[in-house]
Amino acid sequence: AREIGGNASRFVQEELTMDNVYDYMFHLLSEYARLLRYRPTVPDGAVEVTVRSMARGRRGLEREFMAGTAVNVSGSAEPCELPLPFGSEELETLRRRKADAARRVETWEER
């Protein structure tokens, strides 16, 4: 458990940067947008929200955080490529592993 916790902590500190979070968000929204079957339109009376308008009236750490997490340009890279779906053999292997793990846990609980 300590090793898992240490690895998770290292991952958060080293890999979970705002750049990576924004890249993920861009990828997620781009992929989702491909699924849309309608054309979005801007409703009457809509107001554009910008970093400047959101930061207006904010002070101290709140303003500093907003400025530190703002993105000035969109990511330069294309969204990442997702792996292909599992093949039937891989899927069967995963199913078997899951069933084996469940049986082991049941055996431990019985002891």
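This is a short chat about reading a predicted model.

Me: Where do I start: how many helices and strands does the protein have?
Reply: Reading along from the N terminus, you meet α-α-α-α-α. That is five helices and zero strands.

Me: Which helix has the highest mean pLDDT, and which the lowest?
Reply: Think of pLDDT as the predictor's confidence in each residue. Here helix α5 (residues 88-110) comes out highest at 91, and helix α3 (residues 51-55) lowest at 77. Across the protein the average is 83, with 87% of the residues scoring at least 70.

Me: What share of the residues count as buried?
Reply: Buried means under 20% relative accessible area. Of the 111 residues, 5% count as buried.

Me: Okay, salt bridges. How many are there in the whole structure?
Reply: You look for a side-chain nitrogen of Lys or Arg within 4 Å of a carboxyl oxygen of Asp or Glu. A search finds four. Among them is Asp-100 with Arg-103, whose closest N and O atoms are 2.4 Å apart. These two sit three residues apart in helix α5, so about one helical turn separates them.

Me: And Arg-34, is that residue buried or exposed?
Reply: Exposed counts as over 50%, and Arg-34 is exposed because its relative accessibility is 61%. Its salt-bridge partner is Glu-31, at 3.3 Å between the closest N and O atoms. Glu-31 is partly exposed, at 25%.

Me: Which residues make the nonpolar surface patch?
Reply: Phe-11, Val-12 and Leu-16 do, covering about 290 Å². Leu-16 lies in the loop between α1 (2-15) and α2 (18-35), and at 47% relative accessibility Leu-16 is partly exposed.

Definitions and conventions:
Residues are numbered from 1 along each chain as its sequence is written. This is a predicted model: local features need pLDDT of at least 70, side-chain atom pairs count only at pLDDT 80 or more; totals for chains, interfaces and linings use all residues. Side-chain values use heavy atoms; hydrogens and water are left out. Patches are made of residues with over 30% relative accessible area and no salt bridge: like charges are joined within 9 Å, nonpolar side chains (Val, Leu, Ile, Met, Phe, Trp, Tyr) within 5 Å. Accessible areas come from the Shrake-Rupley method with a 1.4 Å probe; for residues, only the protein chains shown count as cover. Helices (H or I, at least four residues) and strands (E, at least two) are DSSP runs, numbered from the N terminus. Buried means under 20% relative accessible area, exposed over 50%, partly exposed in between (1.4 Å probe, protein chains only). pLDDT is the predictor's confidence in each residue, from 0 to 100.
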